[in-house]
There are 2 protein chains.
Amino acid sequence: MPADEDPPVTAPGRHPAPTLELVAARAGVSRATVSRVVNGSPSVSPPIAAAVRRAVQELGYVPNRAARSLVSQQSQAIALVAPEDVNRFFGDLFFADIVSGIDSRLEDSDYVLNLMIANHEPSGKTMRYLGGGAVDGAIVVSHHTSDRFLRRITEALPVVFGGRPSVSGLDTYVVDVDNVAGAATATRRLIERGCRRIGLIAGPLTMQGSIDRVTGWRQALDEAGVEAGPVVDGDFTMFGGTAAMREMLEGRDRVDGVFVASDLMAAGAIPVLLDRGIRIPDDVAVVGFDDSAAALTAGVPLTTVRQPSREMGWRMADILIKVLAGQADVPRELILPTELVVRESA
Amino acid sequence: MPADEDPPVTAPGRHPAPTLELVAARAGVSRATVSRVVNGSPSVSPPIAAAVRRAVQELGYVPNRAARSLVSQQSQAIALVAPEDVNRFFGDLFFADIVSGIDSRLEDSDYVLNLMIANHEPSGKTMRYLGGGAVDGAIVVSHHTSDRFLRRITEALPVVFGGRPSVSGLDTYVVDVDNVAGAATATRRLIERGCRRIGLIAGPLTMQGSIDRVTGWRQALDEAGVEAGPVVDGDFTMFGGTAAMREMLEGRDRVDGVFVASDLMAAGAIPVLLDRGIRIPDDVAVVGFDDSAAALTAGVPLTTVRQPSREMGWRMADILIKVLAGQADVPRELILPTELVVRESA
DNA sequence: TTGTACGCGTTATCAC
DNA sequence: GTGATAACGCGTACAA
């Protein structure tokens, strides 16, 4: 009674993958030649190349990634690292655009994307993985100033940040928008509408982008000589936006305009206004930030500051790929423009 | 003038990773012994093991994944494949839960997750990647009946499906809920409330889950002897839900209850009702499906059918890991229970 | 232009 | 218990 018969390690019925050797045998050439053909070396005679390609086709040969990595010292993989709660990450369509952009850049490359949504501080396991050559580089988004690992990760491998990190002096690349200018533009829109009590629903102040948007808001106010209204933290989540708006309305400060530092928060905040019979934009005007898909689901079409999030994703991947290819003239910082999108909320 | 000086292939300043060899030298033992210690082999004397561990620590040694893969024939990576538009995938918080669940199962394993959101039919590149040993297995979600690649992928590597595929006879594993029963429960809730003109906003009928929910809806209606109301396709998106509800209201059939086959669609549909002054649930009762985060952002707290999406993700990863480990007693199909969550909309 | 041979870092099978 | 040594599949100097 074989109670402990060894289960097969590999699933039954899968063919062992053909190797370079096999293809070579079939094409009647050496492994080296096959390798050359596969890697598009010019120094191989057309007839031979054709024969090899046919053999590759017939056998369904596909290069073994591990072997290739081992010799080339490159994994052809990059990591998308987000030190953020999974639901938070997925909940914000802004990141959908980022991923979409990264994806589109990677599509016609050989790189694959590894997802590392690391709740809180990335663990030792994660860091070992990142530093251990398992990926060639990393794109880091949604990072907080408290993240000690920012420095460690940039020391471990080439990194492109989505959003300027608060820590400076890092050996890294950054793709960002001018958050200060964008926020100022949004606030000016409110001022021009005639708003004089302008509140702010901010993102978490552990993120540089949030801080910059606060700065921009205040800057526009100062320029216009308008007194600053109440400030509440909305945490970059929809619920946070809802809670923040409630808090703001319950405060002693009346507002007639609000700059909300992300569309998702605005989508949470606007229903609070509507529920209380407050008209938008007549009683309270609202401007968001991102122009993500949430801008159209807020109840009132949202006037917002568009940031080219999909392009940002594309650019980040593009920069990383160029750096990994050893290209020298890659700019350290790429600042993309924002643009005010006027809809109905302000 | 070195106009074309070779740029360095690797970023400057990164140390070459220490190898087994190096650790061995430092500890004064052979590579084999170090390997044993690293892999927790029992047959190594405690003092030696300690010395090796110290060397590992000091050098910050981390095993080279490629080399390990090459010899073990395993990549320690699994792919999450979604033949779906990126924004669609990210836009539905249901998938956030799935990913979160997968992630939590992978956390204390050595596996990493590769993300493959393949707009439309996965390309040849994708299939080659999947079949080429770059990943040990795959989790496939959001698949459509039209996906010819379902068969190909199951032939290429071990696969766990999220949601029963329409194609049958596949060598694969499935984690799903009983969509028919869930939909019937939802519909019964409406009937018990007194609704007699019950419409349906369906998901895309290219997905088996959508079809099953239609079936469940009709089943409950038939059982109760209630005539079927209008059916409109909502595409599993928020906008789709909005459009579907508009279409339904403009039709000649009056409705006093609607079963919406996903919370996200319900979140799009409910505002349409509210905008027209239709009271929920008094004039029209609404039941959703999923109990995703969207259920609480619909304007009216949504009565819905909860499916344990996070657990589904966890289970899928768990099953895949067990299969990859050669475990024999893994069930081919795991059906998780649904549960009616009563809130205010019905 | 093509083939030979070595090495990439690991694991595993042997002897010792 | 420990150490040589042979794979694993591939890229690439080097030789032919």
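**Entry 1: DNA strand D**

I started with a base: one base nitrogen of DNA strand D sits 3.5 Å from a polar backbone atom of A:Ala67. Note to self: this is a predicted model.

Next I looked for contacts to the phosphates. A phosphate oxygen of DNA strand D is 2.6 Å from a polar backbone atom of A:Leu20. A:Arg68 uses its side chain instead, with a polar atom 2.7 Å from a phosphate oxygen of DNA strand D.

How many residues surround DNA strand D? I got 26, and the closest are A:Leu20, A:Tyr61, A:Arg68, B:Thr33 and B:Arg36. I then split the DNA side of this surface by atom type. Of the strand D atoms within 4 Å of the protein, 62% belong to sugar or phosphate, and the rest to bases.

Which helices supply this surface? I found that H2 (31-38) and H4 (65-72) of chain A, along with H2 (31-38) and H4 (65-72) of chain B, each give at least two residues to the surface near DNA strand D. By class, I noted 12 nonpolar, 9 polar and 5 charged residues there.

**Entry 2: DNA strand C**

I ran through the same list for the other strand. DNA strand C has 27 residues around it, and I wrote down the closest: A:Thr33, A:Arg36, A:Ser45, B:Leu20 and B:Tyr61. For the atoms of DNA strand C within 4 Å of the protein, I have 61% in sugar or phosphate and the rest in bases.

Which side chains reach its phosphates? I noted three. The side chain of B:Tyr61 has an N or O atom 2.6 Å from a phosphate oxygen of DNA strand C. For the side chain of B:Ser35, that distance to a phosphate oxygen of DNA strand C is 2.7 Å. For the side chain of A:Ser30, it is 3.1 Å.

H2 and H4 turn up here too: from chain A and from chain B, each supplies at least two residues of the surface near DNA strand C. I sorted that surface into 13 nonpolar, 9 polar and 5 charged residues.

**Entry 3: H6 and H13 of chain B**

Away from the DNA, I picked helix H6 of chain B. It has 15 residues and spans 21 Å from its first C-alpha to its last, close to the expected 21 Å. Is H6(B) enclosed or open? I call it largely enclosed by the rest of the structure, because 14 of its 15 residues are buried.

I took B:Leu93 as a sample residue from H6. B:Leu93 is buried at 17% relative accessible area, since the cut-off is under 20%. Leaving out neighbours within four places in sequence, I found B:Leu93 in contact with A:Phe90, A:Gly91, B:Ser292 and B:Ala293. I also noted B:Leu264, which is 171 residues from B:Leu93 in sequence but 8.0 Å away, C-alpha to C-alpha.

Then I went to helix H13 of chain B, residues 309-324. Its 16 residues reach 23 Å from first C-alpha to last, close to the 22 Å expected. I listed its buried residues, among them B:Met312, B:Met316, B:Ile319 and B:Leu324. What do the buried residues of H13(B) pack against? My list has helix H6 (93-107) and strands S1 (77-82), S3 (137-140), S4 (159-162), S5 (173-177) and S11 (333-336), in chain B. Just after H13(B), I spotted B:Gly326 with a positive phi of about 85 degrees.

**Entry 4: inside chain A**

I checked strand S9 of chain A, residues 285-290, and found it mostly covered, with 6 of its 6 residues buried. S9(A) runs parallel to strand S8 (residues 257-260), joined to it by 3 bridges. In one of the bridges, A:Val258 partners A:Val286.

A:Gly182 came next, in helix H9 (residues 179-193) of chain A. Is A:Gly182 buried or exposed? It is buried, because its relative accessibility is 0%. Beyond its neighbours within four places in sequence, A:Gly182 is in contact with A:Phe289, A:Val305 and A:Thr338. I also logged A:Pro337, 155 residues along the chain from A:Gly182, with 8.5 Å between the two C-alpha atoms.

Last, I looked up A:Thr172, in the loop between strands S4 (159-162) and S5 (173-177) of chain A. A:Thr172 is buried, with a relative accessible area of 6%. A polar atom of its side chain lies 2.8 Å from the backbone oxygen of A:Val159. Neighbours within four places aside, I found A:Thr172 in contact with residues including A:Thr154, A:Phe161 and A:Arg332.

Definitions and conventions
Residues numbered from 1 in each chain as written. Chains lettered and ligands numbered in written order. Predicted model: local features only at pLDDT ≥ 70, side-chain atom pairs only at ≥ 80, totals over all residues. Heavy atoms only, no water. Near = heavy atom within 4 Å. Polar contact = N/O pair within 3.5 Å; in protein donor to acceptor, adjacent residues only side chain to side chain. Helix = DSSP H or I, 4+ residues; strand = E, 2+ residues; numbered from the N terminus. Nonpolar A, V, L, I, M, F, W, Y, C, P; charged D, E, K, R; others polar. Expected span 1.5 Å × (residues − 1). Buried < 20%, exposed > 50% of the residue type's maximum accessible area, 1.4 Å probe, protein only. Contact = heavy atoms within 4.5 Å. Pairing = 2+ DSSP bridges.
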